Each structure stands twice: as C-alpha cells, then as structure tokens.
Amino acid sequence: MLFNEVGYEATTIGALLERIDLTRGGLYFHFTTKEQLARAVLDEAVTLEGVRPQAFKLQEWVDIALLLAHRVPREPLLRASIRLSVDPLSRALFGTRWPDWVDVGQSLLVEAQEKGELLPHVDPAETARLLVGAWTGVQLVTEVLPGRTLSEEISSLFALILPNVASSGVLARLDTSPYRAERLLKEARSPD
C-alpha cells in the first residue's frame, strides 16, 4: 500500500490509481477523498483474526501480539496502518488506533488478573499501554535492521516482559514461540 511506502502526505490519488486495478470513478465511489481512504486503512488496524479462546487470558494477550507480528510483514494494509500511525501529519489529522489496542490488551489483562494469572503488582492499564508502545518500537526497528523477523523479536520481547507480569504457574505454561501465530492462523482458516 502506497501509504506505507511514501507516507500520507506524499500519497496521491493518481499514484494510488496507478497501483490498483480500479478506475478513478471506482475509487471515488468508495472514498471521495484521500482522507477517507486513510481513515478506512486505520479502521482495519485493530484485528483479532486468528485469536481463539485459551485456558489463560494471558495467552490470548500474547497471541494477539504474536499474530500481529506474523501478519504485519505479509499484509500491506496492516503495514500501512502502522505507517499512518507513526507519521506525524496523519497522526495529527486522524489519530491512531493505539488507544484501541491498549483497550483490547487492558481488557484481557484485567480478566487475567481476576483469574490470578498476574503477579500482584501488575497494573493492567499500564502494562497494556507499555506493550503497545514496545511492540510498535520493535516493529519499526525490525523493519530496518536485518537478521531477525518481527515474530522472533516479539517473542523475545515477551521473554523479557512475562517474568515480570505472569504468575509462576502461568508463566511456565505460556507459548511465546515465534511460530505460534502461523499455527493459530492455519487452525482459524481451516474448515472444521
């Protein structure tokens, strides 16, 4: 997606039309302005595709981050939503979906806390907010530094975070493998 490659300001309707198999009229039928298109891209940013109920709510929280790490490099729309979120101009115009990601994480962490999965000192709101910031930072750095995939890096991030968040009985049973997301997506997409 062009927003990801050149940013919001440099993206033009003409350049978009050169990239997609759609006429100007077809594009304007769906989006009358570049701003509407950018908002639509951001609307698709919060996705729980592949997330399934787990025995531990903390595993679901981990799964969301791992799934996103697996999907972002493969899905231009998700990459574009991140680019729009970190671009100062588009962030000023449209905001970001980071607050929504924080809410999703906080909700799961509150449930995990109620089930005794978290260490007593953990603040779900703070932990959710810090993970969103750390995940975004890791994604941006991973784009430019060769050597490891985003999934590997997010798995490593959880290796640092979880011992300070999860109760010991839960920690030992969490799967933070960088390959977990691929398995979850295959299960979610396969017919039952």
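In this predicted model, the structure holds one cavity of 30 Å³ or more. The volume of this largest cavity is about 300 Å³. Its lining comprises 20 residues, and those nearest its centre are Ile-64, Leu-68, Trp-101, Val-132 and Trp-135. Helix 5, helix 6, helix 8 and helix 9 are the elements that each give two or more residues to the lining of the largest cavity. Helix 9 gives the most, with five residues.

Helix 9 runs over residues 124–144. At 1.5 Å a residue, its 21 residues should span 30 Å, and the 31 Å between its end C-alpha atoms agrees with this. At the start of helix 9, the backbone nitrogen of Ala-125 has a side-chain oxygen of Asp-123 within 3.0 Å.

Which residues of helix 9 are buried? They are Pro-124, Thr-127, Ala-128, Leu-131, Val-132, Trp-135, Thr-136, Val-138, Gln-139 and Thr-142. These buried residues lie on the same side of helix 9, because they cover an arc of only 165° around the axis. In an α-helix there are 3.6 residues a turn, so residues three or four places apart point the same way. Leu-130 and Val-144, on the other side of helix 9, are exposed.

The buried residues of helix 9 pack against four helices, listed here with their residue ranges.

| Packing partner of helix 9 | Residues |
|---|---|
| Helix 5 | 57–71 |
| Helix 6 | 76–86 |
| Helix 8 | 98–114 |
| Helix 10 | 150–161 |

Among these partners, helix 5, helix 6 and helix 8 also give two or more residues each to the lining of the largest cavity.

Notes:
Residues are numbered from 1 along each chain as its sequence is written. This is a predicted model: local features need pLDDT of at least 70, side-chain atom pairs count only at pLDDT 80 or more; totals for chains, interfaces and linings use all residues. Side-chain values use heavy atoms; hydrogens and water are left out. The expected span of a helix is 1.5 Å times one less than its number of residues. Buried means under 20% relative accessible area, exposed over 50%, partly exposed in between (1.4 Å probe, protein chains only). The arc is that of the directions from the helix axis to the C-beta atoms. Contact means heavy atoms within 4.5 Å. A polar contact is a pair of N or O atoms within 3.5 Å; within protein, one must be able to donate a hydrogen and the other to accept it, and residues adjacent in sequence count only if both atoms are side-chain atoms. On a 1 Å grid over the protein atoms alone, a cavity is a set of points where a 1.4 Å probe fits but cannot get out, and a pocket is an open set with protein on both sides within 12 Å along at least five of seven lines; lining residues have an atom within 4 Å of a point. Grid points are joined across faces, edges and corners, and a volume is the space filled by probe spheres set on the points.
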